[in-house]
Amino acid sequence: MENSTVSSINPQNLDPKTPSRTRNQLISSYHPSPSRTIYSDRFIPSRSSSKFALFDLPLPPQSNSVDDSSNVYTALLRSALFGEECGSVVAPVTPEKSSGLNSRNLQICRPNCNIFRFKSETRQSLPSLSPFGFDEQVPGFSPNPVKSTRKVPRSPFKVLDAPALQDDFYLNLVDWSSNNVLAVGLGSCVYLWHASSSKVVKLCDLGIDDSVSSVGWAQQGTHLAVGTSNGKVQLWDSSRCKRIRTMEGHRLRVGALAWSSSMLSSGSRDKSILQRDIRAQEDFVSKLSGHKSEVCGLKWSYDNRELASGGNDNRLFVWNNHSTQPVLKYCEHTAAVKAIAWSPHLHGLLASGGGTADRCIRFWNTTTNTHLSCMDTGSQVCNLVWSKNVNELVSTHGYSQNQIIVWRYPTMSKIATLTGHTYRVLYLAISPDGQTIVTGAGDETLRFWNVFPSPKSKNTETEIGASSLGRTQIR
């Protein structure tokens with residue numbers, strides 16, 4: 001009956017011949033029943049039936065104006081431009097029936113308030129409600145998004161068995177070439193492992209009366225220098241597996257090698273460093289003296305202007321191209337200095353690590369001759385290498401934890417700690433793409449780890465072939 005009444009007074013159903021005055025009177029006299037549900041093509045959600053008390057939430061504010069949506073945007077805009085003190089931000093509301101809302105005090109609901117609240121609230125805030133994408137910030141400043149910590153795999157992706165890999169802190173028996181070939185000294189032999197194909201080649205055998213004490217690749221090309229326990233340095237062409245020449249000059253074993261273009265530096269147990277120009281006929285062109293004990297660490301800077309040397313006398317020296325005496329002397333370490341690394345990111349930044357009695361990584365600015373900082377690692381520092389792609393470095397350790405640590409510089413916060421070796425991690429080299437490191441220890445294994453990200457402009461895949469995964473033997 002009610003529907004028929006509505007239909008009978010619908011203006012669309014009136015006879016066009018009905019006078020306009022009568023039609024207007026009929027329309028103005030129409031008042032729908034308050035109990036009747038009004039249907040329309042526009043849906044306006046109602047919050048009056050929501051059980052806010054169930055979730056311990058304050059009720060939404062009561063709307064008193066049809067311009068609430070405009071006021072909300074204006075308040076958000078004012079807050080984003082001029083700060084919270086210039087206007088409070090209110091949550092968007094919809095028109096509500098006025099009954100039953102005045103019986104309790106209303107509070108403004110926080111924009112990032114979760115409906116389902118757990119015992120421990122998450123620290124990560126929900127997306128901002130600000131029209132400019134940020135809340136509670138200085139006007140005109142858009143903060144950078146929080147970067148998640150990079151995940152470093154905790155296990156090596158490949159393990160090579162390396163029989164007869166010596167457990168000697170003062171030797172340097174592993175190096176990785178720019179052509180992606182790994183050289184390893186095992187006893188009296190040198191083996192080459194091609195990372196792209198996992199092919200293993202025996203380069204040389206020094207014989208029963210001699211052994212390999214160091215290996216070092218030239219910066220470019222296929223030349224490999226091999227230091228021996230008899231004090232000689234052999235130069236090999238790895239592409240032809242042919243020895244080019246043998247250079248003498250040291251009286252005792254050669255435990256450290258470093259290249260600078262065509263210049264080869266060798267450090268020995270006889271406390272001296274010899275500079276050798278492989279283009280010259282002489283075995284060496286100059287002799288550097290200063291260390292009081294065996295030279296066990298040598299590294300040229302990336303600009304080839306400075307040579308850093310570390311010795312068993314707990315000293316770290318810096319030499320230039322023309323000096324036969326150190327131009328800088330650092331005596332803060334309290335144990336042998338084998339771990340040395342120049343930063344590829346900042347000119348003159350040098351890192352060094354001390355042995356068992358020291359356990360510290362120290363940073364130096366050789367340009368200003370200043371000691372920058374010191375980090376106690378808790379165990380013997382055996383090697384250091386900087387990432388070529390990001391401002392990070394990795395250290396390997398011996399007594400007592402035998403761990404590998406990836407550090408973020410300059411905060412020296414730990415990104416990852418890697419374990420797996422059961423002996424001191426005495427050897428370290430980095431792949432030419434800067435993503436992978438290989439570590440060697442007295443447990444006679446070489447382990448490959450993905451620790452650094454790739455350059456942003458390059459592919460993220462490592463240059464080590466897929467066929468090289470797993471555990472194999474290097475000889």
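**Exercise 1. How many bridges join strand β8 to β9, and in which sense do the two strands run?**

Solution. Start with the ground rules. This is a predicted model, where local features need pLDDT of at least 70, side-chain atom pairs count only at pLDDT 80 or more, and totals for chains, interfaces and linings use all residues. Residues are numbered from 1 along each chain as its sequence is written, and side-chain values use heavy atoms, with hydrogens and water left out.

- Step 1: fix the terms. Strands are DSSP runs of E, at least two residues long, numbered from the N terminus. Two strands pair if DSSP finds at least two bridges between them.
- Step 2: count. Strand β8 (residues 233-237) is joined to β9 by 5 bridges, and the two run antiparallel. Gln 234 stands opposite Thr 246 in β9.
- Step 3: inspect the turn. β8 and β9 form a hairpin with 4 residues between them. Cys 241 in this turn has a positive phi of about 50°.

**Exercise 2. Place β9 in its sheet and find the edge strands.**

Solution.

- Step 1: read the order. The open sheet has 4 strands, β6-β7-β8-β9, with antiparallel pairing.
- Step 2: find the edges. β6 and β9 (242-247) each have a single partner strand, so one side of each lacks a neighbour in the sheet.
- Step 3: take the twist. Neighbouring strands are turned by 25° against each other on average, direction ignored. The axes are lines fitted to C-alpha atoms, with angles from 0 to 180 degrees between N-to-C directions.

**Exercise 3. Repeat the analysis for the sheet that holds β10.**

Solution.

- Step 1: β10-β11-β12-β13 is the order of this open sheet of 4 strands, and the pairing is antiparallel.
- Step 2: β10 (254-260) and β13 (286-288) are the edge strands with one partner each, so one side of each has no neighbour in the sheet.
- Step 3: the twist averages 25° from one strand to the next.
- Step 4: β12 (residues 273-277) pairs with β13 over 3 bridges. Here Gln 275 stands opposite Ser 286.

**Exercise 4. Which parts of the chain do the salt bridges of Glu 248 and Asp 283 tie together?**

Solution.

- Step 1: set the cut-offs. A salt bridge is a side-chain nitrogen of Lys or Arg within 4 Å of a carboxyl oxygen of Asp or Glu. The count comes to 11 salt bridges.
- Step 2: Glu 248 pairs with Lys 232, with the closest N and O atoms 3.8 Å apart. Glu 248 lies in the loop between β9 and β10 and Lys 232 in the loop between β7 (223-228) and β8, so the pair ties together parts 16 residues apart in sequence.
- Step 3: Asp 283 pairs with Arg 245, the closest N and O atoms being 3.8 Å apart. Asp 283 sits in the loop between β12 and β13 and Arg 245 in strand β9, so parts 38 residues apart in sequence are tied together.
- Step 4: check burial (buried is under 20% relative accessible area, exposed over 50%, partly exposed in between; 1.4 Å probe, protein chains only). Asp 283 is partly exposed at 28%, whereas Arg 245 is buried at 18%.

**Exercise 5. What links Arg 269 to Glu 294?**

Solution.

- Step 1: the two form a salt bridge, with the closest N and O atoms 3.7 Å apart.
- Step 2: Arg 269 lies in the loop between β11 (263-268) and β12, and Glu 294 in the loop between β13 and β14, 25 residues apart.
- Step 3: Arg 269 is partly exposed at 43%, but Glu 294 is buried at 5%.
- Step 4: salt bridges with shared partners join Asp 168, Arg 253, Arg 269 and Glu 294 into one network.
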